[in-house]
Amino acid sequence: MVDKIIITALQDEANPIIEFYNLTRDAKQPDLKVYENNKYSLLVTGVGRKKVIDTLPIYLNRINSGNSILINVGIAGGHPSSTKVGNIYYIEKLTSDFFKKEYVFSVTDNIIIPKTGLTTVEKNINKNDNNIYKELVDMEAAIIIDIALKYLDLSKIKILKIVSDHMNIMDWSNLNIRELIQSNIESISSIIKLNE
């Protein structure tokens, strides 16, 4: 059993974390993109609801995760008046456009990065919609949490999001996701370490 479970949607989100923790691909799980060492295990789910539903339950069933801490790390769109591109945020409240649920996460004084809310949406948001969402948006967190709660208590789940855009990107090919994660790796590792 691993102490920390890290979930990303994209390989580019995962790669700096894989390097930082010196994780290696788990050959025993060729059907999933799992990287691990004796303390950490990272799953790359793929983007969107269906990919998370197709991968995360299989993974959590295999790794006996009951006492682990799960951290979802990834990029998110942010509202231009309340977030800055490149900044990392600790999610204290999560809502969803398709589950009519709200999750509130515990926050301790030790968390020194800014805190905000997150909404999981089903499709990319463009600049015409960014007045609807006042904080952050992503496409996976609510599904990850909904599945993870079948295995873990909410107090053992954390979400960290790095703002990649202000809901205004039309061409994603120029976005350097790896660099966004890499530039925040110390903050990511400090939050993970808080939960040891």
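How far apart in helix 2 do D54 and K50 lie? The two residues are 4 positions apart, about one turn of the helix. In this predicted model, their side chains meet in a salt bridge with an N to O distance of 2.6 Å. D54 is partly exposed, at a relative accessible area of 38%, while K50 is exposed, at 58%. Side chains of opposite charge can pair when their charged atoms come close.

The pair in helix 2 belongs to a wider set of charged contacts. Across the whole structure, 7 salt bridges are found. One of them joins the side chains of R178 and E19, at 2.3 Å from N to O. Because R178 is part of helix 4 (residues 177–182) and E19 part of helix 1 (residues 11–20), this pair ties together parts that are 159 residues apart in sequence. R178 is partly exposed, with a relative accessible area of 30%. E19 is likewise partly exposed, with a value of 49%.

A further salt bridge is formed by the side chains of D31 and R62, with 2.7 Å between N and O. D31 lies in the loop between strand 2 (24–25) and strand 3 (33–36), and R62 lies in helix 2 (residues 49–62), so parts 31 residues apart in sequence are tied together by this pair. R62 is partly exposed, its relative accessible area being 42%. In addition, K101, D146 and K150 are linked in a network of salt bridges.

The strand pairing was examined around strand 5. This strand spans residues 69–78, and 10 of its 10 residues are buried, so strand 5 is largely enclosed by the rest of the structure. Burial here refers to a relative accessible area under 20%. Strand 1 (residues 4–8) runs parallel to strand 5 and is joined to it by 4 bridges. Within this pairing, I5 has L70 of strand 5 as its bridge partner. Strand 10 (residues 157–165) also pairs with strand 5 in the parallel sense, over 8 bridges. Here the bridge partner of I71 is K158 in strand 10. The pairing with strand 9 (residues 136–138) is antiparallel and comprises 2 bridges; in strand 9, V137 is the bridge partner of G77. In a regular strand the side chains alternate between the two faces of the sheet.

L70, the partner of I5 in the pairing described above, is also among the residues with the most contacts inside the largest nonpolar core. This core has 61 residues, and the others named for their contacts within it are L42, L56, Y59, L60, L94 and L160. Helix 3 (residues 141–148) supplies the largest share of the core, 7 residues. Apart from this core lies another of 5 residues, among them V121, Y133, V137 and M139. V137 is thus placed both in this second core and in the antiparallel pairing, as the bridge partner of G77.

The surroundings of L94 were then listed, leaving out residues up to four places away in sequence. L94 touches K101, E102, Y103, F105, L118, T120, A141, A142, I145 and I159. Of these contacts, K101 also takes part in the salt-bridge network with D146 and K150.

Technical notes: Residues are numbered from 1 along each chain as its sequence is written. This is a predicted model: local features need pLDDT of at least 70, side-chain atom pairs count only at pLDDT 80 or more; totals for chains, interfaces and linings use all residues. Side-chain values use heavy atoms; hydrogens and water are left out. Buried means under 20% relative accessible area, exposed over 50%, partly exposed in between (1.4 Å probe, protein chains only). Two strands pair if DSSP finds at least two bridges between them. A nonpolar core is a set of buried Ala, Val, Leu, Ile, Met, Phe, Trp, Tyr and Cys residues joined through side-chain atoms within 4.5 Å. Contact means heavy atoms within 4.5 Å. A salt bridge is a side-chain nitrogen of Lys or Arg within 4 Å of a carboxyl oxygen of Asp or Glu.
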